Amino acid sequence: MTLAAFASLRRRRALALALAAPGLAASVAHAQVPDPCVSALAAFGPDDVLTLEEAAEFVSVDPEKLRYATETGAIEMPARKILGEWRFSKSALLAWFAGADFPAECLAAAQAKRSERRRAARLAEAAPERVAPTPQPTPQPAPPAREAAAPAETPTEDRGPDAYGEDPDLLTADQIALRADQVVLRKGELTLEANLSYARGGRGAPVVTPFLVDFVETTQEVYSANVVARFGLLNNLQASLTAPFSLVETSGGEAVGIPNEVDRSSDNVSVNFNYALAAEGVYRPNIIVTAGASIPVESGSFGASAGISLLKRFDPAVLLGSVTYNRQFIGDDSPLEELAPRDSITATLGLTLALNDRLSTSGTVIGSFALGSDFDVALPGALDPVTAIRIPGDRRYALRWALTALVTENLYIEPSVTFDIGGLNDDVTFAISLPYTF
């Protein structure tokens with residue numbers, strides 16, 4: 001627990017103890033605190049903590065709209081997320097509606113009241129041990145009311161900014177797990193992410209003969225590293241930039257004249273945008289539209305993508321579905337080894353479960369469907385100057401599992417494994433991601 005969190009906990013405990021006394025509203029008014037604090041502190045009691053549904057009923061709004069506003073920070077609601085569920089303070093909501101900074105403006109009076117009760121309790125405990133005072137011939141006048149209120153004016157120790165009743169600044173583990181599929185950053189917020197991965201699987205390598213072009217199955221091992229920067233352009237618009245680097249080892253084609261080789265290259269730099277088109281409702285999911293582009297660095301081709309993602313929360317779980325169309329602008333003059341299907345569609349269906357604010361797990365089924373493409377290429381050694389080549393379509397299914405955990409105040413770690421399912425391929429990918437929020 002950090003010093004700020006410990007101080008906040010002590011202030012909330014002091015506030016709760018101070019508010020437990022009878023006649024609180026009069027005491028707060030006597031301490032000359034802002035008027036909104038009087039009604040807010042008087043409402044504090046056993047029923048002060050509200051669930052999301054109770055808070056929505058209290059402020060007369062739709063529960064799903066309140067959830068979305070709290071999750072995204074569209075409205076700075078005084079709320080806390082505890083074990084994946086939102087909780088609200090009725091007294092903080094009252095003060096928030098009235099314009100008070102609760103409990104910053106009310107805390108001094110509450111602490112002064114608590115100190116006054118402690119002092120009175122100590123005097124009451126010591127009273128039986130004292131000797132009864134001798135009667136005084138002349139009674140002393142009572143102190144003026146202004147002096148009686150002096151304890152409430154005693155300055156309190158500045159323990160730093162209080163966090164009670166404010167929306168948490170840190171992203172939760174389930175939000176980080178869904179960072180690529182939704183808008184999790186507010187305007188001006190930034191995250192940096194480092195990713196390392198190892199993949200092994202089969203790939204088709206082209207073999208040129210005087211009569212045809214054939215594809216031979218080879219084995220590839222790919223070591224990849226990339227850096228991803230995500231930035232909140234608006235509260236509902238998020239941009240990301242990915243700069244990757246890969247090392248590819250190819251083997252298994254010696255029998256047909258394909259040598260074993262190692263290729264080191266910087267892959268395409270990609271830019272993506274996520275836009276929150278519609279907020280989540282009672283019967284409507286959160287709708288996110290995506291658009292992106294890939295730019296070749298050393299070799300390769302330009303690409304573009306567009307898609308849509310649907311998210312629906314059932315605390316503590318989030319259901320995700322997405323469809324993305326990808327287009328690669330591969331020309332007929334591209335090198336033979338770079339030929340690939342121009343058009344493909346990727347669909348995902350996933351479930352993210354928030355175990356608590358610091359830990360979440362997710363599972364995603366991924367389907368990739370590539371459409372066949374025709375190329376007219378000039379091949380050295382072929383009988384015809386121009387050869388028509390068709391890259392056949394393909395479909396692949398994979399299952400990804402990930403565990404996302406908060407390590408420090410701003411650093412997360414996410415190990416994951418992805419493997420093909422359905423028996424068509426035996427590809428497997430191990431990855432680890434380290435997102436850092438600012």
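This briefing describes confidence, salt bridges, nonpolar groupings and selected residue environments in one protein structure.

The model is predicted, and the protein averages a pLDDT of 74, with 64% of the residues scoring at least 70. A total of 12 salt bridges is found, and five charged residues, namely Arg179, Glu193, Arg230, Arg400 and Glu414, are linked in a network of such bridges. The largest nonpolar core holds 11 residues, while a nonpolar patch of about 950 Å² lies on the surface.

**Confidence of the model**

- Among the elements of the protein, strand E11 has the highest mean pLDDT, 95, and helix H2 (residues 24–30) the lowest, 41.
- Residues 1–34 have a pLDDT that stays under 50, and the model gives this stretch 51 contacts beyond four places in sequence.
- For residues 142–168 the pLDDT is likewise below 50, and this stretch has 46 contacts in the model beyond near neighbours in sequence.
- Where pLDDT is low, the predicted coordinates should not be read in detail.

**Salt bridges**

- Arginine 179 and glutamate 414 form a salt bridge in which the closest N and O atoms are 3.0 Å apart. Because glutamate 414 belongs to strand E17 (residues 412–421) and arginine 179 to the loop between helix H9 (173–177) and strand E4 (190–208), the pair ties together parts that are 235 residues apart in sequence. Both glutamate 414 and arginine 179 are buried.
- Arginine 200 and glutamate 221 meet through their side chains in a salt bridge, at 3.6 Å from N to O. Arginine 200 is in strand E4 and glutamate 221 in strand E5 (residues 213–234), so this bridge ties together parts that are 21 residues apart in sequence. Arginine 200 has a relative accessible area of 40% and is therefore partly exposed.
- Aspartate 343 forms a salt bridge with arginine 327, and their closest N and O atoms are 2.9 Å apart. This pair links distant parts of the chain, 16 residues apart, with arginine 327 in strand E11 (residues 317–328) and aspartate 343 in strand E12 (residues 343–356).
- The two partners of that bridge fall into separate burial classes: arginine 327 is partly exposed because its relative accessible area is 26%, whereas aspartate 343 is buried because its value is 16%, under the 20% cut-off.

**Nonpolar cores**

- The 11 residues of the largest nonpolar core are Leu50, Leu52, Ala55, Ala56, Val59, Leu66, Met77, Ala79, Trp86, Phe88 and Leu93.
- Two elements, helix H4 (52–59) and strand E3 (85–89), give two or more residues to this core. Helix H4 supplies the largest share, four residues.
- Valine 59 touches Leu93 and Phe97, when residues up to four places away in sequence are not counted.
- A second, separate core has eight residues, among them Tyr68, Ala276, Ile288 and Leu320.
- In soluble globular proteins, nonpolar side chains tend to be buried together.

**Nonpolar surface patch**

- The patch of about 950 Å² is made by Ile308, Leu310, Val323, Tyr325, Ile345, Leu349, Val365, Phe369, Tyr397, Leu399, Phe419 and Ile421.
- Strands E10 (303–314), E11, E12, E13 (359–370), E16 (394–406) and E17 are the elements that give two or more residues to the patch.
- Leucine 349, one of the patch residues, is placed in strand E12. Leucine 349 counts as exposed because its relative accessible area is 60%, over the 50% cut-off.

**Individual residue environments**

- Threonine 352 also lies in strand E12. With a relative accessible area of 4%, threonine 352 is buried. Apart from neighbours within four places in sequence, threonine 352 is in contact with Asp174, Ala177, Leu178, Pro316, Ala317, Val318, Ser360, Thr361 and Ser362.
- Glycine 188 is located in the loop between H9 and E4, and its relative accessibility of 47% makes glycine 188 partly exposed.
- The C-alpha atoms of glycine 188 and phenylalanine 231 are separated by 6.7 Å, although these residues are 43 residues apart along the chain. Beyond neighbours within four places in sequence, glycine 188 is in contact with Phe231 and Gly232.

Definitions and conventions
Residues numbered from 1 in each chain as written. Predicted model: local features only at pLDDT ≥ 70, side-chain atom pairs only at ≥ 80, totals over all residues. Heavy atoms only, no water. Salt bridge = Lys/Arg side-chain N within 4 Å of Asp/Glu carboxyl O. Buried < 20%, exposed > 50% of the residue type's maximum accessible area, 1.4 Å probe, protein only. Patch = residues over 30% accessible without salt bridge, like charges linked within 9 Å, V, L, I, M, F, W, Y side chains within 5 Å. Areas by Shrake-Rupley, 256 points an atom, 1.4 Å probe, with all protein chains shown as cover. pLDDT = per-residue confidence, 0-100. Contact = heavy atoms within 4.5 Å. Core = buried A, V, L, I, M, F, W, Y, C linked by side-chain atoms within 4.5 Å.
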